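User: I'd like to talk through the charged pairs and the strands in this one. Can you take me through it step by step?

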Amino acid sequence: MEEPQHMNEVVPRLFVGSQVAGSFVDLLKEHGITHILSLGNFESIHDHIVYKNIRIMDLPEENLIQYFDESFDFIHNAYENGGKVLIHCEAGMSRSSALMTAYLMRTQQLTPQAALDMIKAKRSFAQPNEGFMDQLELYHLLKYKVDTNHVAYRRFLVAGMAKEHQDTGYIAHLALTPNPQADSQSQLIIRCKKCRYVLVNKEHILDHEPGKGQQAFAYTKRNTDLQSITAEAPIVTPMQLNQPLNPLLARLGASNNNCSSYFIEPMEWIHALQDGQLEGRMDCPNCTAKLGQYNWSGAQCSCGRWITPAFMLHRKQVDEIKRRR
């Protein structure tokens, strides 16, 4: 077979290829490969090669970005010490090209498309799946460093957990937002009204577009195709009308559609989450006062908007502290 079908040198000493390239010892020796980064269910089969194996599937919902930093360190350390690195997956098309794209982005300060174009110039059929491309865009937004404290990355994790719950009915990879500092200087702080325990800051609140107020409560059956709220704008599921609404309630809804709750990220202080409970009460971790409720399947705001997942702090149970800047 023609060699480029198995592996291609994208930049000097950095190769992208298939699992065939990773298994042919003669081909590896021909190109002087010293290190292999494999993506998938692969084993370290050559004694003369230094391996890093990441067991991840080629699915859009897989969290590949969590491995970008450690993969970069593996590739870069090998490269800086004169090594030659092969990044491979099953076909050398999606997972391996995504990791190479991330590496080129960081080392050359490139956009995802510019980095991918460099790979395509050598391996024309290279193309990360749609979910991996979204994660590469997020990596660009994060300025090439996976920052677990960055609001965009936390929103990505929340969306992933909601999707996992939708698909499987449970959440195997729980990632909770660290509790805010008591001396936080955030522009907006939400505290327990009873004991003044700091619950969330402004960056932990998920904003959403108002729904139809009381009118929306005529819609009691929600679509089963749940979607997750995002950092830029909420994604909510459509409701189906099952009965006409009293005209008086419709007028009330149109004139008063303020939200009665804050929707927040899943926080560490919600202890029931760590016990695997998928819905329930949210109590103050300091005084145990009831603050609201949560449901990974979502809930309807008083404004009529359905939001998934729903972590609701009732406004009447908390104090809002605003700081001027």
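Analyst: One cut-off before we start: buried means under 20% relative accessible area, exposed means over 50%, and partly exposed is in between. Keep in mind as well that this is a predicted model.

User: Okay, so is arginine 315 buried, exposed or partly exposed?

Analyst: Arginine 315 comes out at 36% relative accessibility. The cut-offs are under 20% for buried and over 50% for exposed. That value lies in between, so arginine 315 counts as partly exposed.

User: Which residue does arginine 315 form a salt bridge with?

Analyst: Side chains of opposite charge can pair when their charged atoms come close. Here the closest N and O atoms are 3.9 Å apart, and the cut-off is within 4 Å. The partner is itself partly exposed, with a relative accessible area of 35%. Arginine 315's partner is glutamate 320.

User: How many salt bridges does the structure hold?

Analyst: Arginine 281 with aspartate 283 is one pair, with the closest N and O atoms 2.8 Å apart. Arginine 281 counts as partly exposed at 46% relative accessibility, and aspartate 283 does too at 28%. There is also a network of salt bridges linking Arg154, Arg155 and Glu265. In total, the structure holds nine.

User: How many residues apart in sequence are the parts that glutamate 43 and arginine 55 tie together?

Analyst: Their side chains meet in a salt bridge at 3.0 Å, N to O. Glutamate 43 lies in the loop between strand 3 (35-39) and strand 4 (50-54), while arginine 55 is in the loop between strand 4 and helix 3 (68-80). Arginine 55 counts as partly exposed, at 46% relative accessibility. The pair therefore ties together parts whose separation in sequence is twelve residues.

User: On to the sheet: which strands stand at its edges?

Analyst: Five strands form an open sheet with mixed pairing, in the order 1-2-5-3-4. Each edge strand has a single partner strand, so one side of each is left without a neighbour in the sheet. The edges are strand 1 (7-11) and strand 4.

User: By how much are neighbouring strands of this sheet turned against each other on average?

Analyst: This is an average over neighbouring strands, with direction ignored. The value is 20°.

User: And which residue stands opposite methionine 7?

Analyst: Strand 1 and strand 2 (residues 14-17) run antiparallel, and four bridges join them. The residue opposite methionine 7 is in strand 2. That residue is glycine 17.

Terms used. Residues numbered from 1 in each chain as written. Predicted model: local features only at pLDDT ≥ 70, side-chain atom pairs only at ≥ 80, totals over all residues. Heavy atoms only, no water. Helix = DSSP H or I, 4+ residues; strand = E, 2+ residues; numbered from the N terminus. Buried < 20%, exposed > 50% of the residue type's maximum accessible area, 1.4 Å probe, protein only. Pairing = 2+ DSSP bridges. Axes fitted to C-alpha atoms, helices over the stretch in contact; angles between N-to-C directions.
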